[in-house]
Amino acid sequence: MRRPGLLASTWVLFQKDLLLEWRSRARVNALVFFSLATLLLFSFALGPDTALLRRNAGGYLWLALLLASVLALGESFRVERENSTLEGLRLVPVNARAIFLAKAVANAVLLAGLGVLLVPVLVALLDVRIVLPWGQLLGLIGLGCLAIAAPGTLYGAIASHARARDVLLPLLLFPILIPALVAAAKGTALVFEGDPMGQFPSWVALLTSFDLIYWGLGVLLFPRVVEE
Amino acid sequence: MSKSVRIGFVLFAVALLVSGAWIGLAWAPPDREMGHVQRIMYMHVPAAWMALLAATLNFGTCVSYLWKASWKKDAFAEATAEVGLCFGTIAILLGAIWGRPTWGVYWAWDPRLTTMAILLVAYAGYLALRRFVDDPDRRAVWSAVVGIIVAVDVPVVYFSVKWWKSLHQVQSTPKTVDPQMVIALRWNAFAFLAVLIVFLVARYRIALAARMRETTVPDASPGAREVVAS
Amino acid sequence: MELAPALQLHEVSKRYGARWALVRVSLRVRRGAALLLTGHNGSGKTTLLRVLATAVRPSSGRVEILGLDAALEPEQVRAQVGLLSHANYVYEDLSGLENLLVLARLLGESASRASEALERLGLSLKDDRPVRTYSAGMRRRLALARLFLKQPPVALLDEPFVELDPTGVSELEARIRELRAAGTTLILATHHIEQGLQLCTDRLHLEQGRSIAA
């Protein structure tokens, strides 16, 4: 049998990453409850004016996802550090780009799942309505989580080998993600409140450009990050 | 660059700065609307320009480093990030001082201001990364990667904040029209450029010395004999 | 025309920060040979093996495996080399078989080859416990199974005898003989010099990163 190419290797590694996430599902559960706790924190810190909370619900969703992503990304690479499995993959040999694509997509899937789970919570807790079509919300969550996952995976690889990695990852990641955060939060707010001026597509466009740029950079730069 | 040249340039920079201060504070006319408060612009604007120049130099150096590694490039990248961060902080602080009497607030979500603030935090992260990685080779590669990502993000941030702000009212920054003001601004810009060069060179030399110290070769006595295993 | 030697190092040095782990080491190993690599902890044995495996790039010098230049064609070199290192490159949360299946798919091998390798090393196919629960001996066997699955022409073993009980040691010796019988070129780094001398044809001793032929 021939050695797999880039996409085939990516698929194998993606399945491996999902399997690992499934095996540590207790941790994934904890992540879900962490996000719920975050939403509660926001509600208490900024409530109890329900009208105000409802207006800012989009922002809360993405803040909660951003905070959860730091934990998820950190764990994603802690697993690889345990037995130097990242090096083991490189020595098979596996194309480093396949490692990046697989891990970034797996992280995006995990975060998107979390995002979808949090929507009904927001509906219940903050009394939001879904005014725009469901599909648009799901698409936005997908694009936003892709935006977090690409630089997150790149920085996760770097931070996992440095000291103070718990604080380094968010410090590196958060400033970069601000444009994506703005676009995702604003887009979500429009989904919850209606879009009379037709601004939704511009936010999607911004988010999509961000995704294209950062996935491109990730694929380009990840091999340099993991080589020794 | 010999020591006398360096000292000479430092004196030149100081001279430019002092004369620029006089030009800005005394020679240039006060603004018609804002009065003397506007004079902060002669320091605020050049500081911001120098911060952006340093960021651009950092980006170029990072790309160059990934193309072909060298300790000089790594040292220069470290220098531009740190000195740029200082100039950027000065720019924001001066902007806040100007903003209070003018807009009534220390801060506004102006696209340029916000982009600068985000940029500063991003470079603080860059410097934190350098501090937390002990191996010089990996530190150099990883900071180059982070430097590139930060630089690419700057225009993205700028446009997204502009879009974000366009939903609300935008504060317009006043434009200097008076030719004397233009001269004052240009003079101070050159003064700041000279100061930037002084600090970049100094910081570069410190960083390069640190790199050399980290990577000194031990007294190489080659005790190797080729072994042929049969 | 004579075939290129299995391994060739020319004046290879490796620096970690300010410390030189290898200083101008030169080495030539013929195909099918077995080299015993000895030296105190910190003498550079692990670094040497890692350089040969292309896990790290040398600071200077040239590395050639089976005629391929490691700096120019690292991926091709990696396909020819198997490294058994301190880190065993397995995922703790997956079972032994699952780990081997991932490797098999990445190598383009069939799932049956993975099961074969597992059974050959005496691990049970029915055991779906995660590697986290394995003993040191089982982990070593799983790491060897990875090596047998890949079947590289060059095998680098970094202190494989540590943490093994006497049974494990004799099993490992048998496996190493199997590898040699299959024509694999071998470098064995170990403190167990007696075992090493029995299994290998030549010896290289490292002291502070410098090679000293014994």
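Here is a chat about reading a few features of this predicted model.

Trainee: Where do I start with chain A? How many helices and strands are there in chain A?

Mentor: Start by listing the elements. Chain A has nine helices and zero strands, so to speak a plain run of α-α-α-α-α-α-α-α-α when you read along the sequence.

Trainee: And how do I judge whether chain A is as compact as a globular protein of that length or not?

Mentor: Compare the radius of gyration with what a simple rule gives. For the 228 residues of chain A the globule rule gives 17 Å, and the radius of gyration is 18 Å, which is close, so chain A is as compact as a globular protein of that length. Along the principal axes, the C-alpha atoms of chain A fill a box of roughly 60 × 30 × 30 Å.

Trainee: What share of the residues in chain A is buried?

Mentor: Buried residues account for 51% of the 228. You can also ask how far apart in sequence the touching residues are. Take the contacts in chain A between residues at least 6 apart: 84% of them join residues at least 24 apart.

Trainee: Let's pick one helix. Where does helix H8 of chain A have its kink?

Mentor: Helices can bend, so to find a kink you follow the axis. An α-helix has 3.6 residues a turn, so residues three or four places apart point the same way. H8 of chain A covers residues 165–193, and a kink of about 50° lies at Leu177(A), shortly before the proline Pro179(A). Just after H8(A) comes Gly194(A), with a positive phi of about 100°.

Trainee: Why is H8(A) described as largely enclosed?

Mentor: Count its buried residues: 24 of the 29 in H8(A) are buried, so the rest of the structure largely encloses this helix.

Trainee: Now the contact between chains A and C. How many residues does each chain bring?

Mentor: Chain C brings 24 residues and chain A brings 23. On the chain C side, helix H2 (74–80) and helix H3 (96–107) each supply at least two residues. H3(C) gives the largest share, five residues. By class, that side of chain C has 14 nonpolar, three polar and seven charged residues.

Trainee: Last one: is Ser13(C) buried or exposed?

Mentor: Count neighbours. Ser13(C) has 21 C-beta neighbours inside 10 Å, so this serine counts as buried; the cut-off is 20 or more. Ser13(C) sits in strand S1 (residues 7–16) of chain C. Its contacts include Trp20(C), Leu22(C) and Ser60(C). Ser60(C) is 47 residues away along the chain, yet the two C-alpha atoms are separated by 5.3 Å.

Note on methods: Residues are numbered from 1 along each chain as its sequence is written. Chains are lettered from A and ligands numbered from 1 in the order in which they are written. This is a predicted model: local features need pLDDT of at least 70, side-chain atom pairs count only at pLDDT 80 or more; totals for chains, interfaces and linings use all residues. Helices (H or I, at least four residues) and strands (E, at least two) are DSSP runs, numbered from the N terminus. The radius of gyration is taken over C-alpha atoms; the globule rule is 2.2 Å times the number of residues to the power 0.38. A residue is buried if 20 or more other C-beta atoms lie within 10 Å of its own, exposed if 12 or fewer, and partly exposed in between; C-beta atoms are placed from the backbone. Two residues are in contact if their C-beta atoms, placed from the backbone, lie within 7 Å. Ala, Val, Leu, Ile, Met, Phe, Trp, Tyr, Cys and Pro count as nonpolar, Asp, Glu, Lys and Arg as charged, and the others, Gly among them, as polar. The bend at a residue is the angle between axes fitted to the seven residues ending there and the seven starting there.
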